[in-house]
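Subject: Structure handover and notes

Hello,

Here is the structure I said I would pass on. My notes on it follow below.

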Amino acid sequence: MAHKATKDGVDFQYRLYYYVIGICHEKYDYSILYEGDDNTYGAFDDVVLRIHPDTEKTVQRSLYLIQAKQNKDSTKTISVQDLLKSKDSRVTKYIDSYLTYKASTASDCDRWLVKEMIYWTSSDFHITTRQLIEDYVNPDCDLSLTVDSITRHYIAHWRALFMFERAQKLANHCSPLESLKKDYSQPAEPYKCNSVAPAFAHEVLNLVGFDCAKKDLSTVQFRQEFLRDSPTLSRNASQFRRSFEIACRLMCNIPNQPYDLCRLASLTFATNAFNREWLEKHASDKSVQTGFQYKELNESQLDCFFKRFVFYVKVPKDEPMLNSLKHVFKSHFNEQLFERYLISEPQKQALSKSRNPKKQIAEMFLTKPYVESVLQISDLKFKLAVMPPNGIGFTPTSFDKLRALVPSARSNIVQELAVVAVPQTDWTTIRLAELYNKSSFVIKKHADFEKLLDVLKLCNKVEHGDILVSGELQLVILSDLPNMAFCSKLLAEQLSYGSIVISVGSRKDHAHSSTPVIEDVITFSDLLLDYKQFVLKQVIIDSKVVATGYSPNVIVDTVEDVVEMSLLKDIVVRSDVYEYDEQHYMERNFIDASGKVMPHGGFLSAPPSSVSIVCDTAGHGKTTELLRIAKLAQNIDGTVCLYLRAKTIARRENVGGQDGLNLLPTILHVTPRNTLSEQIVLLFLLSVHLCILIDGFDEIIETLQPRVINFVCQALKRPTCSVVIATRHESKQALKNAFKQAAFYSLDKFSYERYFKELWLNDSNVQPTPELVQNVHIFISNFDQLFKNVNCKSFLEVPQLSKIMASIYENRIRKPNIQWHNNYEIGSIYDTFVKSLLRNTLNGRFDTTVKVLQAALEAMERDFFDKHQQLAYELEFNKRRDPKPECYEIIASFGLIIIQHNPSHVEFMHRTVMEYFLVRHCILDNVDEKEFHAFIKRYLCVSRANIADKFIDFFLEDMRGISETKRQCIRKYLQSSPNHLSTCIRMTLNNATFNTLRLILSVSDEAQLSNLCFRFGAAKDPSKNDIQHTANLINLKRLAMARGHQKIQSQQKAQEKAAKMKKQQGHGLSDQMKAAQKALVFSCAVCKSQMPDPKTYKQHFENKHPKNDLPAELKDV
């Protein structure tokens, strides 16, 4: 058994042992021995590995004998002389060790095939030594290395190695420089017989003469065949030439360069490296023996040895080797535990049975099941170790109180104990482990308990497994497990005497315990707190890591707060921000009142306590641009941007008070959420530059808008906070009154032409067809006129309409005979848009010719509308229930809703889409009378800018959907105020919602209708101008003027634009007259007047010539 002089050498050998276990454990059935008997294994006694055959006979029985050698000097390499004479590296030492094993009884009894004898070293070969070795490649090798730096070699040219000393002597004699010559005596060569050199001497040298004074010296010259490495040389002569070339390189001190032996061709010198008689003999002399031999090993046996003698070089040491072991054992490597139970304890067991040496050697081999039990214990120790909390200690008084409660350990039984922990089971667990000062495991999950039981059963089955149980499982603590009393009994049956099982939980957990129960109460005075150690790993806001290793400046003064602080690892904060799926998004700038462009980043660098208001119509893209600002802030250090919907703020009643900003964490989605985490979030937000983006201010009812305004006012009191609010024009005045110094912005013009081209023509994966190019060109050419026909500028702007029309025409635009949507009422457009999304999503996924699939498709369509309508209803009436995760994930694929954080936070892609489904639900489905009344009060005939009014009118086209209950509800609403009926009629006439007008007139009674006064102009009798009369007066002329005023404004803008264009083109009066004359293409058959189109011609003929028969070409107009 080899002696290890230093701790480094011992550690190197230990880690070799662990590494061999690691690379074999998962693959083979094996047994392994650490430091075998040197009388059996010689120098190969450090590690002995046996690979057992498997049942399928794919793995053969084999033996690996390993010697470990490390070198403190990392630059030290293995030279040729080391292989010949070094105490640690000489090959004869390992040949002797091989012979020792072959002669041992272990070799006879075990019948193991020695597959490899390994020299495991941290050194590498010297460059000259590499001339004698080759890479070792053996597909049958069982050791699959995981460390890239380790390389394997064997001494392929061992004959050259054995002849190196003679070659070195010859090189010394032929050196032309006396200063390089050394005194080499005749080498002792126990590894070859005397006949090897005589057999090839004549191939190396020619005898020229001899010195009579020095009879042992011969005058010689090199043979040309030898110098040129002729293929006629014998194998031994060729191997000698290899040794001689190495010796010359070393002699000339050029180890890294080849040496040209041909320069020695003309050299004549004296040498006794070969005897004169050898040079005079001829190779044809059959009496000359040419084989190598070492002791009882002949040349073929030596060749077999060197093929199995493998050098594993450049083995890492220290930290790199530890990292390799952690990788092999999947980061659960426990060196202290491995040393104790894989080396020390087995050796103690073997020494205790040393009366029979053979049995001692057999018992020192560790089997795979035993090693597996050690690995399982190591894995559990890693997972179930007691981990003290950072920043929390316990006073000596608290330990004294606990010591007085718990019994002392007893060696003759397995003790069981139940402890009620107040307030934290982990704190009691830590103190119990420190109090008993034993190797302990803490079980908190039932799966870990089952795992521990399995490991105990394994340990109790294998030889030496009891060492593991008694050594490592001294204290087992069950924490908050279900049925802990039963679990404690099961463990006690498997553990060794002297072990302790403690169940730690609440009073309820120990209500039926049969073991003694004690109560451990920890008060605030029992704690030793180091606030600097309370460090959060990360603070994440909207997926942005804004702080790492953050130490919150929070002082706690109750034990409950300390519990929360100890459990806090990360804080994740989410605002209402979401990832928008914007295909072919085109960034748009913000324009202030003077026409100056405001970049997105400008809002993030706005002055502190500033308010910016983005005001535009619905669907103009305000939300998208706010989300772009929030996304831009992700890359700016020291800036946090929170995107909040106005209704999220308005839900909090106290958010508009003096402590409004302090309630900001309650508005956000904080995980984990508790008082302490919210306090930390608030302190952090107040320490950075904070930009709050508030969207949808116009979407909340007027009575809740002051809450949002007051919240903003409170936020602006903080010097590091700025606010951006997005709203429609209708709410602009309220914000203008609240924030006198606010800056107002709108969005620049949306290029629908570029949008549609990007969407349909600029797909790099698909080449557009000529039909598609033509259809897109026609579509873009007519889109402006389409937008005017929609007549919804009060509700939508170009971006929202573009997205809607893109969905409607997604499939139509690619068809040769395109079908144009011909109903441009806003309700019809939205209805077509929603149905198009449904069809586009399901397109091609069902064979509609199969009746079963057609029925499934219809069922999906019903579910599509039902779920969207139910969501709209829940959002409107604030009746959200806790949905299952999959409830909205399926319909989210249709693109109409957005799941922000989890299924409980769902929003529609746009407010108008929510209103479409809400109206559809309230008009077509059965709705509670109270909620229907609230619906019509908010949405029926309330504003010209209310898009829901258009949706109501669309779904009222078929009056059969309105039940008698709903009619009664509308009648009550109209009767609730004297002027409701007249106001609603005015709105329907103004909005051209005639289906709604028809319903209102049908549900109103005669008394209400009789009070209405329809006029075209002002009343002639001033005496009738009382309040009641004015409230019920419907001035048709005023309504017409209001609508006409808008028409006049549009005409004026069009005229100004046309005049400007004509001025630029240089058109004169004559050009205008010619253009006007050209436009009049229809001529009246009676009066010869000219008209621009057939519709005008028909109206002219019916008004001016009613007695004449209508021309045939106008009858179908």
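Of the contacts in the protein with a separation of 6 or more, 73% are between residues 24 or more positions apart. Please keep in mind that this is a predicted model. The protein contains 46 helices and 39 strands. Of its 1117 residues, 50% are buried. The exposed area comes to about 55900 Å², and carbon and sulfur atoms supply 50% of that.

Nonpolar cores

The largest nonpolar core has 81 residues. The members that touch the most others are Phe756, Trp760, Tyr830, Phe833, Phe908, Phe917 and Phe935. For Trp760, leaving aside neighbours within four places in sequence, the contacts are Leu772, Val776, Phe779, Ala806, Tyr809, Ile813 and Arg814. Another core lies apart from the largest one and has 75 residues, including Tyr30, Val47, Val374 and Leu468. As background, nonpolar side chains tend to be buried together in soluble globular proteins.

Strands β18 and β19

Strand β18 covers residues 440-443. Ser440 and Val442 point one way from β18, whereas Phe441 and Ile443 point the other way. Both pairs are buried. β18 runs parallel to strand β19 (residues 475-479), and 4 bridges join the two. Within that pairing, Phe441 has Val476 of β19 as its bridge partner.

The four-stranded sheet

There is also an open sheet of 4 strands with mixed pairing, in the order β24-β23-β25-β30. The edges are β24 (544-550) and β30 (669-671); each has a single partner strand, so one side of each is left without a neighbour in the sheet. From one strand to the next, the twist averages 15 degrees. Strand β25 (residues 570-574) and β30 run antiparallel and are joined by 3 bridges. Opposite Arg574 stands His669 in β30.

Ser551

Ser551 sits in the loop between β24 and α22 (559-567). Its relative accessible area is 37%, so Ser551 counts as partly exposed. Not counting residues up to four places away in sequence, Ser551 touches Tyr531, Lys532 and Phe534. Ser551 and Lys532 are 19 residues apart along the chain, with 6.7 Å between their C-alpha atoms.

Helix α7

Helix α7 spans residues 164-173 and is mostly covered, with 10 of its 10 residues buried. The buried residues include charged-type names as well as others: Glu165, Arg166 and Lys169 are among them, as are Phe164, Leu170 and His173.

Cysteines

How many disulfides does a search of the whole structure find? The search gives 0. For Cys141, the nearest cysteine sulfur is that of Cys24, 8.8 Å away, and Cys141 is in no disulfide. Cys141 has a relative accessibility of 12% and therefore counts as buried. Cys174 is in no disulfide either; the nearest cysteine sulfur belongs to Cys248 and is 5.1 Å away. With a relative accessible area of 4%, Cys174 is buried. The cut-off applied to a pair of cysteine sulfur atoms is 2.5 Å, so neither of these two distances qualifies as a disulfide.

Regards

Terms used: Residues numbered from 1 in each chain as written. Predicted model: local features only at pLDDT ≥ 70, side-chain atom pairs only at ≥ 80, totals over all residues. Heavy atoms only, no water. Buried < 20%, exposed > 50% of the residue type's maximum accessible area, 1.4 Å probe, protein only. Pairing = 2+ DSSP bridges. Axes fitted to C-alpha atoms, helices over the stretch in contact; angles between N-to-C directions. Core = buried A, V, L, I, M, F, W, Y, C linked by side-chain atoms within 4.5 Å. Contact = heavy atoms within 4.5 Å. Areas by Shrake-Rupley, 256 points an atom, 1.4 Å probe, with all protein chains shown as cover.
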